[in-house]
Amino acid sequence: MTPNPWPACPNCGHEDVAILHEATPQANVTDATLECRVCDHVFKDTIQKAQDVTLKAIVSEEDESDVTRITVPPHEPLHVGDEVYSEDHRLLVTSLEDQEDRRVDEALPQDIKTLWCKVFDTVTVDIAINQGHKTWTGEITVKPEEDFYVGDRLMIKDREVAVHAIKTPSDIHHEGSQQARDIVRLYAKSVSGEPITYKEVHRTEIHRRRRRFREGSS
Ligand SMILES: [Zn+2]
């Protein structure tokens with residue numbers, strides 16, 4: 001039997017098909033159990049895995065940008081907001097340009113001319129620290145998936161502040177946790193007696209206290 005380059009669903013004919021199981025995952029051609037993403041039909045077929053696609057990517061980091069190449073699987077559409085990997089960095093897709101130079105939100109690798117990405121090894125979270133009637137702002141650099149909790153304690157030098165609200169693009173949260181990648185700003189209050197100065201917030205790296213306040217604890 002000649003393997004399909006990529007099998008279509010025998011039930012509905014769509015080619016949006018996911019691999020559930022491969023008989024010989026290392027082989028280029030293998031029998032596989034597949035599931036249609038459109039109608040959920042599960043079926044077996046022989047698949048021939050296509051070569052990965054190499055795309056031109058413009059990668060920005062702070063004020064600089066660089067051209068690089070990124071290799072992606074051929075059948076998975078890329079979206080704005082997806083994560084991809086270059087040799088050196090974890091990247092976030094910020095824009096896609098198709099072969100007709102149009103900006104699109106989603107495209108198959110073969111239809112993409114250029115990917116725009118930003119380095120996503122870490123993200124910077126803004127923090128506003130309330131101190132009596134003054135508020136200082138600073139930044140914390142963390143991994144994108146790091147969780148912050150309402151109740152979290154952060155250290156600025158030897159002073160402790162407690163997070164009392166977390167702002168995301170859609171809301172201000174007064175309980176629970178959010179991932180750093182989704183956080184616009186943390187609101188915190190000083191919980192140690194001595195005042196924190198503007199300079200301390202600006203010039204000192206802010207650390208999270210090792211003791212973590214889990215959701216639901218106090
Ligand atoms: Zn189907």
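Me: In β19, which residue is the bridge partner of I129?
Reply: A188 is the bridge partner of I129 in β19. Before going on: this is a predicted model, where local features need pLDDT of at least 70, side-chain atom pairs count only at pLDDT 80 or more, and totals for chains, interfaces and linings use all residues. Residue numbers start from 1 along each chain as its sequence is written.

Me: How do you know that β12 and β19 pair, and in what sense?
Reply: Two strands pair if DSSP finds at least two bridges between them. β12 (residues 123-131) and β19 (residues 185-190) have five bridges, so they pass that test, and the sense is parallel. As for the word "strand", it stands for a DSSP run of E with at least two residues, while a helix is a run of H or I with at least four residues, and both are numbered from the N terminus. By that scheme the chain has one helix and 20 strands.

Me: What else pairs with β19, and over how many bridges?
Reply: β16 (residues 159-167) does, in the antiparallel sense, over six bridges. One spot to look at is V161, which stands opposite S190 in β19.

Me: What makes a set of residues a nonpolar core?
Reply: The members must be buried Ala, Val, Leu, Ile, Met, Phe, Trp, Tyr or Cys residues, joined through C-beta atoms within 7 Å. "Buried" here needs 20 or more other C-beta atoms within 10 Å of the residue's own, "exposed" is 12 or fewer, and "partly exposed" lies in between, with C-beta atoms placed from the backbone. The largest core has 16 residues, and V125, I127, V163, L186 and A188 touch the most other members. β12, β13 (134-142), β15 (153-156), β16 and β19 each supply at least two residues of this core, with β12 giving the most, four residues. There's also a second, separate core of twelve residues that includes A57, L78, I112 and L115. Over the whole chain of 218 residues, 19% count as buried.

Me: Why is H21 called exposed?
Reply: H21 has 12 C-beta neighbours inside 10 Å, so it lands right on the limit and counts as exposed. H21 is found in strand β1, and its bridge partner in β2 is T33. The two are twelve residues apart along the chain, yet their C-alpha atoms are separated by 5.0 Å. Leaving out residues up to four places away in sequence, H21 touches A32 and T33; a contact means C-beta atoms, placed from the backbone, within 7 Å.

Me: Why are β1 and β3 called edge strands?
Reply: Three strands form an open sheet in the order β1-β2-β3, with antiparallel pairing. β1 (17-22) and β3 (42-48) each have a single partner strand, so one side of each is left without a neighbour in the sheet. Five bridges join β1 to β2, and these two form a hairpin with six residues between them. β2 (residues 29-36) and β3 pair over seven bridges, with V29 matched to Q48 in β3.

Me: What makes E62 and D101 stand out in the backbone?
Reply: Most residues other than glycine have a negative phi. E62 isn't a glycine, yet its phi is positive, about 50°; D101 isn't one either, and its phi is about 65°. E62 sits in the loop between β4 (53-61) and β5 (64-72), and D101 in the loop between β8 (90-98) and β9 (103-104). With 8 other C-beta atoms within 10 Å, E62 is exposed; D101, with 8 as well, is exposed too.

Me: Is P77, in its loop, buried, exposed or partly exposed?
Reply: P77 has 15 other C-beta atoms within 10 Å, so it falls in the middle class, partly exposed. P77 lies in the loop between β5 and β6 (78-79). Leaving aside neighbours within four places in sequence, P77 is in contact with E106, A107 and L108.

Me: What is the average pLDDT of the chain?
Reply: The chain averages 86, and 85% of the residues score at least 70; pLDDT is the predictor's confidence in each residue, from 0 to 100. Over residues 211-218 the pLDDT is below 50, and beyond near neighbours in sequence this stretch has ten contacts in the model.

Conventions. Contact = placed C-beta atoms within 7 Å.
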